[in-house]
Structures are given as structure tokens and as C-alpha cells.
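Work through the exercises below with the sequence and the model open. Each task is followed by a solution in steps.

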Number of protein chains: 2
Amino acid sequence: MQLFFDPETVALIGASATPFRPGNQLSQNLEICFGERFYPVNPRTKKIGDRDSYPSILEVPASIDVAIIFIQASQVPKAVEQCADKGIKRVIIESGGFAEVGPEGKALHDRCLAVAREADMRLWGPNCMGCINVTKQKVLSFLIPMMWQGRFMPGRVSLVVQSGMLSAGFLASILYKRPFGLSKVASIGNKMDVDEVDLLEYLVSEHDTGVIAMYLESMGRGRRFLELARSTSKPIVVLKAGRTDFGREAANSHTAAMAQDDRVLDSALRQAGVIRVRGMTELLDVARSLGMVEHRGQGRARVAILSFSGGAGVVASDMLHDHGLELAKLRPETLARIKQVFPEWMEPANPVDVYPAIEKHGPDEPIRKSLEAVMEDPEVDAVFIHIFAAPVDVPLFNYGHMSRILEEYKKQMVVWIMGAGEGAEKMTRELEKRGIPVVDEIGKGVRIIAALAGRR
Amino acid sequence: MQLFFDPETVALIGASATPFRPGNQLSQNLEICFGERFYPVNPRTKKIGDRDSYPSILEVPASIDVAIIFIQASQVPKAVEQCADKGIKRVIIESGGFAEVGPEGKALHDRCLAVAREADMRLWGPNCMGCINVTKQKVLSFLIPMMWQGRFMPGRVSLVVQSGMLSAGFLASILYKRPFGLSKVASIGNKMDVDEVDLLEYLVSEHDTGVIAMYLESMGRGRRFLELARSTSKPIVVLKAGRTDFGREAANSHTAAMAQDDRVLDSALRQAGVIRVRGMTELLDVARSLGMVEHRGQGRARVAILSFSGGAGVVASDMLHDHGLELAKLRPETLARIKQVFPEWMEPANPVDVYPAIEKHGPDEPIRKSLEAVMEDPEVDAVFIHIFAAPVDVPLFNYGHMSRILEEYKKQMVVWIMGAGEGAEKMTRELEKRGIPVVDEIGKGVRIIAALAGRR
């Protein structure tokens, strides 16, 4: 797998000089990332950008680490054969029109595979967007160049996506909405040969990857997948689509995925410590938070809630229950410490409704003291803080103090900010810089706490 | 209820001249909304802003439609008595410290109520943020003035919130994140006298309200609530917190709410056609969408999906199943019409994966023709469109055409835009202007389609 992500020389069969065509975007990306070590192949043109175009892969005057094929499906088997003849060992087919379109496509699929097996070649795709090495800024994919240039932030999260467009969509969401650090991105499509298990094996051992997030429509080689999941301490987050009859029907026409009984799968994944999510935003939110925190839990999450709003505390409590988490039973000593900053008429409980205390003392003391008290309580594994951000920037947190107690107690902390504007944005930046995930919905916060809690 | 929302004269017992205190924010709001018809009461000061301050409500030289009380709980019963002596028939207690804090608070509660019953007075609160008439810009609440001034947009959605802070949080989310038109906003707190049933009765008959959204921690007078729900064609969306043991525990310490068996409640609400949601963002999203669309469904939702991404189609299909909706079985005629714009190798199905057709023809024709085909299909009740927005503004929709077929077929349409930036923002504005809700997550889109489907 390493060679797919880190080639020195690449060729593109189906390079295009026509602006806005995916084949042109691919050419531009390879030009940007590989310069003169990029060899475009297209018999109908002489130049692709600044590069000479070769009429066939066989005429490329260099040894090629990875060839990308992006031509009509019917022409692909021949191109794979030529790659084999040239001794290329890694080929990515990004074109669609294979097993997902019926028997004819399946025949093309089989021919490509037979050639690859014979030639000891690994085949990636088809019907995919290839791969991206964010760490080394190598983009073997037809993303629009302006979409990623200057925006990729190297980091700990690697992403494996079975669907083509979706991987572009995921990247757009990450890069334009809530940027976070990425390591490797893989779009695997129909999984003719290279599959999620190959990727998982690679990412589990790959140094830069700390968190593995996967969108899958089918899972093959399940035993090996689960073995790998159990073998690693890196968190693995999986969105397995095609959970239901409707989804399975849709998945079959999409990537020719034959889905399995979901309940069996669900319990196997759970036992192997895989974090399963149901939505795409959820996949990104959870992976992003896991990539941000220093310490994960030991499997149990007894949660203390500090809230500006009793109502939000109630909703969060319901949601803890939905996720199988616990509302922590605070110790009497903890409650007594919190009582010191509470107004006389009010008895502290979990959720800790800090707002009346803030009305009395201002925000610093009530938040700082309540937070310290619950973090120190051995009955608490994680703290969920709710804050209401005024449209203007009112400092609510003592960030230095939060960093210190996070380091001291190594518990999980997630903050939900209700409201928007400058104040909310600044708080979000400051908290996340310190490894404290910030969410804009209670449900997302509870989901993230569940994921940070670690294996059961 | 009308008089609470539309008084001519108001008094504030507990007016404050100290900046940043809630009593000062209340004073400022009443000054802005009522000018010289606002009478501040505070024995320790002579002036509140430009107004003379009265030492007691009894000395106010005018007949008062609504008095707001915002002083220490222990002083409230006396103030209520004085209001009764002055013949005031509508009183809002915004202070906390009553039944939610135990027996002493409960005694204060009982005294206030006894006075009110004797004097034929309606009591609102305590432990709440009062009410807001957005249509007439009358704010009887301690929101920060800069938060709402120039931001309230009159519209069809009315909001009833049992929690104080939460109503401010809801408003901040609405005004600062995704503004939508509001009619009345009510924060009812401990519901000493005025409760959600009073509000529901009022809002069901009130002309400006088209959609009723409620956050409740307890529901009393259930039979009457359900009767009212059944009697109206206005959609009612309810977030009932305290669904679970944890939530009930939290609700009890928050608004002294004694919660009931949730399963019984759930089925009763469902039978009365109430739309139940579980999260706060979900409440706002659903209410906002209901406030935007012209036509609701007849109870069934057979959904056609038009998608840029096969993967997103699979995830959406799973989620339709989760919500008890159906993936529409498109008629052969419909599939044949879509096939005309599809590449030769691809057979249309639902979800309709339009991207390959767009690669072939550009976006206009495939989207327009597929959309027309599914909207015309009698097997389809609603259409869920997925679009991937590039960071730049690429026109994907023919908005005029969308408006026309929406008007012609009166079916529901929801658009999910993946990606962000200028293109996404512009599309969102243009679509929502035409009554087509736009979401940024598939799950939200499916939730909204379920709500728009109407009663079962």
C-alpha cells in the first residue's frame, strides 16, 4: 500500500487538456505534486499543460510506480495489459462503468483482474477517486486543484471512502467547514482488488495515522478486518451504509456491494472495539474529535454535565441514556464544593446548572470551581459543558486552568456552545487548540463523549 | 393570553439601572417597546434610564395591562398582592427560586397562586423569560437588547419553551445562525398557572401563527392538549425532555416537573398528529422548514432521491427506513424518461445517481429532466435532492423550473447541500426563497421530509 500513497513517478492514462474535465483536474494535480515525474498518456494530443503527452503507456520513458487509468471502461482492460507489459505494479482505475452496471461491466472487471493476478500487480478501484497522501501532499485524485491547494492540514486522521463523489464531498466538508488534520485519504470504489482490509492493515501500522475513519457499503474479509481492529489501539470509526433493506438495494446499484446481515455485523464490530456511526457528518465529527484529544477513556463514561441551561441539561441527560452512557452520581464532597459558589436557595445536582451562580458571581469562579470539583470526583469519567455564547466576546473560560486540569485528571471534556458569532468562534478556537472538542448540538456532544469513552 | 402578548401598558417590579443586570436588560427592552407606557418600579432609585421609577406598583399613575415581577423570590408574593390591589389582571414572574428549589419555594408558589385565584388574575412563570410578540415587536423578556434589535423577522412559527435560558439560546440560534420568521415566543418556566395548554389554545386560534414548536419538560392537562392538537391543521412540533430516567431526574430539579410514562405519551402524541423530536436543533430545523413550505403531504412519504453521490443515496435510503418512510418504486415510464439523459452504460434506479449524466451533459438537463420525471410519478410523494457544491458558484438549478413544478405537483422537496462556501450559500438562499428547505446533513433532510409528510 505504501507505494500507492508515496510514489516517485506517476503516469495518467486518459490525461486531458480540456479545462474542467475530471481528466484535466487529475492532470493538474499530478503536475502540481509530481512535476516532471508525471507522465501523461493520451494518443490524441501532444501536450498536457507543460508536459509532453505520450501516445501509450508503453512509450513512457521511465519506470512508473503508480499508473492511474481514467478512460472509458471498455478500454480499461487493454490499458491494464499495457501497464503489466511495462512492469507497473500499482494501478489505480478511477473510471466507472464496471460491475456496478451489470454483466458487461462485470466481464471487464474480470479481465482486468486476471491480468493483474498474472502480473503480480495490485489494482485499486475502479469507480473511485484514488488516493491522497496529505502528509506528503501527493494527490492521485481528480479533485479540483483550487479545492485542496493551500488547504490541506497534515494531521492524525486517515479516511477510507468506498464512494467516489462522497470522498470529494467529505473533503469539501472538512476543508471548508471545520478543517482538521488529515494523514491519508483513500477512495476505494468497487474494490476489484485493493479493499478496506488492505487499507486498514496499512493504516494500522502507518506512523502518521492515529485515527481511522471509514465509509463502507460492503465489508469483505470480515474475519481479518475484525482481527486487525482488535490488534490496534488506534480508534476505528465506521459508517457502514446499506444497514436496511432500502440501503442495501441502493448500495447494490451503486458499488455492486452485496451487503450482509446488519445485526451480526453490528455486534461483531462492537466486540472488536470499532466505533460505529450512522451519518456522514457524525463520521467526520467523531473522527475529528478523536484526532484532537490526548486521552481516551477506559470504556465507561459516567458523565457530569455543567450547564448554563437546566433545559439543556435535561435534553443531554436523555441523550446520555440513549447512548448507553451514565449520568454520574456526584459524591457529597463534590456537591459541597459546588454549593460554595451556588446561591443559597439552590442545591447542586448533576446536571450542574451553573447559571444562577454566574448571575451571582460572574462566570469565572462558578465555572472554574464546578469544573475542578467534578473533574476530581472519582465517580466522573467525562464532563460535558454547555455554554451560551453572547453575540459579543465575553470571556467565560479560564483556558489555562482547563488545560491544567485536563492534563492532571486525563478525563474527557466536550463543550457545546449554543449561540453564534464572534464570541462562539473565539471560544471554539481556544478550546480546540487545547484538545477540547466543541460541538454546536447536544446530540453531537453526547455522540463524541461516547466515542471518546473508548472500548467497552 | 392575547393581553400578555399585546399589552398597551406595562410595569416592571424590579427594574434596575445597573448595566448588564437582567433587570436592566428587561427595563431597556420595555423602554424600547413601550416608551412612556412603561412604568418601572424600584423603591431604591429615582430614574431607570429616562423614566421615573416608582417606589411601589400601587403608586404607578396608570392602569397596567401586564406587570412583570423580577425580584427575589421571597418578596414576590407581596408584589403579587399589590398587583391584585391595583387590579392588574396579567402578571409575569420571571424570577427563579420557587417550586424548583424545594418546600420553601413551594410555599411561595402557593401564596402567589392563592392571591391570583382570589383576584381573577392570570399568573405567568415563575422561573422564566416571559414572552415576546415578534409580529408587534413587544419584548417582555430579559434578552440583551442588542441581541434582538433589528434582527426579529416576523413570520409563521411560534415557540413555547419551558426553560428560561433555553429560550434565549433558541432565539440566539435562530437570529444568529439560520434566521427564520417568528410570530410569538413564550418562556413558561414553572407553569404556576399559565401552561402549555393555555398557550396552545391561544396559538391554535391566533391568526399570525402557522406552526407551533414547543420545548416541554412536563405536560399537564394532557387530554385537553391532545384535543387541541387534533382540532387544528397547524403543525405542532414537540420536544418533550425527560424521556428517560436520567432526563426525568434532571427535569425534576430544573422546573419541578413531574414527568409521566414516556411510551404512553409518545403514542398519544403520535395519534394526535403531533410531530415529536428529540433534540433542540431538530426542533428548530423542523419548525423552520414547516414555516417555509406551502404544501404538506397527506401522511405517506414515498421518497425519490436524486443524488450527486451514490454513497449519499445509500446513507439516505438507510435513514428513510429508520424514519418509517419509503424509498419510492419509480414507474417504468419514469425510469425511461430519466434514461434519456443517462450515459448508455447506466440504468436509472431510485436513488437516481445523476452525477454520471452531469458529466455527460452538464448539470441543467439531467437535474431538470430527472426532477420533472420523479415529481410527475404518482408513486412519489416527496423528493430529496443531494447536491455537491463546489467552493465557487456553479449554477446547478433552474430555480424557475423548480418553482413551477413545485406549484404544479404540490409535493415536498428538500435539498441537502454538501460542501460550503459562496456557491452553497447562494443556492441555499435561492431555494429557501422558493419554499424548498435546505439542510447540511442527510439525517436532517430525512427528518424534515418525515415532518413535511403530514399526519398519518
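Domain bounds here come from an automatic or database domain assignment. The model is predicted, with local features needing pLDDT of at least 70 and side-chain atom pairs counting only at pLDDT 80 or more, while totals for chains, interfaces and linings use all residues. Residues are numbered from 1 along each chain as its sequence is written, chains are lettered from A and ligands numbered from 1 in the order in which they are written, and side-chain values use heavy atoms, with hydrogens and water left out.

**Exercise 1. Describe how domain 1 of chain A meets domain 2 of chain A.**

Step 1. Take the bounds: chain A is divided into domain 1 (1-126), domain 2 (153-292) and domain 3 (295-452). The C-alpha centres of domain 1 and domain 2 of chain A lie 25 Å apart. Contact (heavy atoms within 4.5 Å) takes 17 residues from domain 1 of chain A and 18 residues from domain 2 of chain A.

Step 2. Take the buried area, that is, the accessible area (1.4 Å probe) that two parts lose on being put together, summed over both. For domain 1 and domain 2 of chain A this is about 1500 Å², with 61% of it on carbon and sulfur atoms. On the side of domain 1 of chain A, A:Phe5, A:Glu100 and A:Trp124 lose the most area to domain 2 of chain A, together 36% of what that side buries.

Step 3. Count the salt bridges (a side-chain nitrogen of Lys or Arg within 4 Å of a carboxyl oxygen of Asp or Glu). There are two between domain 1 and domain 2 of chain A. A:Arg122 forms a salt bridge with A:Asp198, and their closest N and O atoms are 2.8 Å apart.

**Exercise 2. Describe the interface between chain B and chain A.**

Step 1. In chain B, 69 residues are in contact with 69 residues of chain A. The two chains bury about 5400 Å² between them, and carbon and sulfur atoms give 70% of this area.

Step 2. Six salt bridges are counted between chain B and chain A. A:Arg278 forms a salt bridge with B:Asp322, the closest N and O atoms being 3.4 Å apart.

Step 3. Helices (H or I, at least four residues) and strands (E, at least two) are DSSP runs, numbered from the N terminus. Helix H12 (residues 310-322) of chain B gives the most to the side of chain B that touches chain A, with 12 residues.

**Exercise 3. Is B:Ser158 buried or exposed, and what does its side chain contact?**

Step 1. B:Ser158 is found in strand S10 (residues 154-161) of chain B. Buried means under 20% relative accessible area and exposed over 50%, with partly exposed in between (1.4 Å probe, protein chains only). B:Ser158 has a relative accessible area of 0%, so it is buried.

Step 2. A polar contact is a pair of N or O atoms within 3.5 Å; within protein, one must be able to donate a hydrogen and the other to accept it, and residues adjacent in sequence count only if both atoms are side-chain atoms. The side chain of B:Ser158 makes such a contact with the side chain of B:Thr209 (2.7 Å).

Step 3. Leaving aside neighbours within four places in sequence, the residues in contact with B:Ser158 include B:Ser183, B:Lys184, B:Leu203 and B:Val211.

**Exercise 4. Where is B:Ser141 placed, and which backbone oxygen does its side chain reach?**

Step 1. B:Ser141 is in the loop between strand S9 (138-140) and helix H5 (145-148) of chain B. With a relative accessible area of 3%, B:Ser141 is buried.

Step 2. The side chain of B:Ser141 reaches the backbone oxygen of B:Met129 at 2.5 Å.
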